[in-house]
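Please look through the structure below with the sequence at hand. The paragraphs after it go from single residues to pairs of side chains.

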Amino acid sequence: MHLRWRLNEVKRVKLIVAYDGTNYCGWQVQPNGISVAGTLNQHLSELLNEDIYVLGASRTDAGVHARGNVAVFDTEARMPADRISYALNARLPEDIRIQDSREVPPDFHPRFAKTRKTYEYKIWNRRFPEPCTRLYSLFYHWNLDVERMRRAAAYLVGTHDFTSFCTSKPEVTNHVRTIYSLEIDVQGETMEYGREICGNGVGMITVRICGNGFLYNMVRIIVGTLLKVGGGMMEPEEVQTILEAKDRSLAGDTAQAHGLTLVGIEYL
């Protein structure tokens, strides 16, 4: 970790970062791709005339979007923390924007603090794709039964071992997480002739999930499982069995990254 700790010389700045993840290899700096963190490091270093390295709360994958990721960095610059957002936005590419910048205590850590994270996954459920939604939602052709999906989702709310719903990482030994809420909303066509044009499906489905933390690919695997339930390939009650089995092979596929957005992180 590259955060500096020179007493009385350094201030810690917290950023709220929004970005379209389409053109990035993810949040984390990668050797062979452009990352969100790498882009922030570059422009902050140029702006403040010192080497800056941001530390993010959520290391989103390639193609995942965010409206409220959190990052911090240490700086010796005299620029007021609340002005950094304005100056940095004037330099950043259009698909990254700082929503807020402010000074925080020097011991504030965006990953280790107690938080409530909220993600949204969008599914465009129609006969044909919609070009205006293609970068931010998963296109799913077959009819989805949203009520079945909601029944299945109810089994995941609460504190559970989510081994069945994550991609294993050797360094992660605790798979217990708490989901506070898991809601599935539908926004159908507003035009009276929408269904005639778009055909089958219910429109835009939003899976909104809020929890105290998420394992690697956890949200996308949950969505992939709910798609199997909504498509009639799995019964809602099977989700509880999958949860208790702690076996990744029983759950659904990992849904594609571009439908996922980190909505925000609330520090408790």
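Leaving out residues up to four places away in sequence, Thr254 touches Asn217, Arg220, Ile221 and Arg248. With Arg248 there is also a polar contact: the two side chains are joined at 3.3 Å. Thr254 has its place in the loop between helix H6 (238–245) and S10. Is Thr254 buried or exposed, or something in between? Its relative accessibility is 29%, so Thr254 counts as partly exposed. For a sense of distance, take Glu9: from Thr254 to Glu9 there are 245 residues in sequence, and the C-alpha atoms are 46 Å apart in space.

All of this is read from a predicted model. The average pLDDT of the protein is 92, and 92% of the residues score at least 70. Residues 189–198 have a pLDDT below 50, and this stretch has 12 contacts in the model beyond near neighbours in sequence. Where pLDDT is low, predicted coordinates should not be read in detail.

Ser164 is another residue in a loop, here the one between strand S7 (158–161) and strand S8 (176–187). How accessible is Ser164? Ser164 counts as buried because its relative accessibility is 0%, and the cut-off for buried is under 20%. Apart from neighbours within four places in sequence, Ser164 is in contact with Ile221, Ile242, Leu243, Ala245, Lys246, Asp247, Arg248 and Ala251. Two of these names, Ile221 and Arg248, also appear among the residues that Thr254 touches. One contact of Ser164 can be described in more detail: the side chain of Ser164 reaches the backbone oxygen of Ile242 at 2.6 Å.

Next come the charged side chains. How many salt bridges does the structure hold? There are 11 salt bridges in the structure. In one of them, the side chains of Glu266 and Arg116 meet, with 3.6 Å from N to O. This pair links distant parts of the chain, since Glu266 is in strand S10 (residues 260–267) and Arg116 in strand S5 (residues 115–125), 150 residues apart. Glu266 counts as partly exposed because its relative accessibility is 43%. Arg116 is partly exposed too, with a relative accessible area of 28%. Arg116 has a further partner, as it lies over the face of Tyr180, at 4.3 Å from the ring centre.

A second group of charged residues involves Glu120. The side chains of Glu120 and Lys122 meet in a salt bridge, 4.0 Å from N to O. Glu120 is buried, with a relative accessible area of 10%, whereas Lys122 is partly exposed, at 27%. Glu120 also forms a salt bridge with Arg208, and there the closest N and O atoms are 2.3 Å apart. Why does this pair tie together separate parts of the sequence? Glu120 lies in strand S5 and Arg208 in strand S9 (residues 203–211), so the parts that the pair ties together are 88 residues apart in sequence. Arg208 counts as partly exposed, at 29% relative accessibility. Salt bridges that share partners join Arg67, Glu120, Lys122 and Arg208 into one network.

Rings are the last topic. A pair of aromatic rings is described by the distance of the centres and the angle of the planes. The structure holds four aromatic pairs. One of them is formed by Tyr19 and Trp27: the pair is tilted, with 6.0 Å centre to centre and 40 degrees between the planes. Both Tyr19 and Trp27 are buried. Another pair, Tyr119 and Phe214, is edge-to-face, at 5.3 Å centre to centre and 85 degrees between the planes. Where do Tyr119 and Phe214 lie along the chain? Tyr119 is in strand S5 and Phe214 in the loop between S9 and helix H5 (218–230), so the pair links distant parts of the chain, 95 residues apart. Tyr119 is buried, with a relative accessible area of 8%, and Phe214 counts as buried at 17% relative accessibility. A ring can also have a charge over it, as with Tyr216: the charged end of Lys169 sits over its ring, 4.3 Å from the centre.

Conventions:
Residues numbered from 1 in each chain as written. Predicted model: local features only at pLDDT ≥ 70, side-chain atom pairs only at ≥ 80, totals over all residues. Heavy atoms only, no water. Helix = DSSP H or I, 4+ residues; strand = E, 2+ residues; numbered from the N terminus. Buried < 20%, exposed > 50% of the residue type's maximum accessible area, 1.4 Å probe, protein only. Polar contact = N/O pair within 3.5 Å; in protein donor to acceptor, adjacent residues only side chain to side chain. Contact = heavy atoms within 4.5 Å. Phe/Tyr/Trp six-rings, centres within 6.5 Å; stacked < 30°, edge-to-face > 60°. Lys NZ or Arg CZ within 6 Å of the ring centre and 35° of its normal. pLDDT = per-residue confidence, 0-100.
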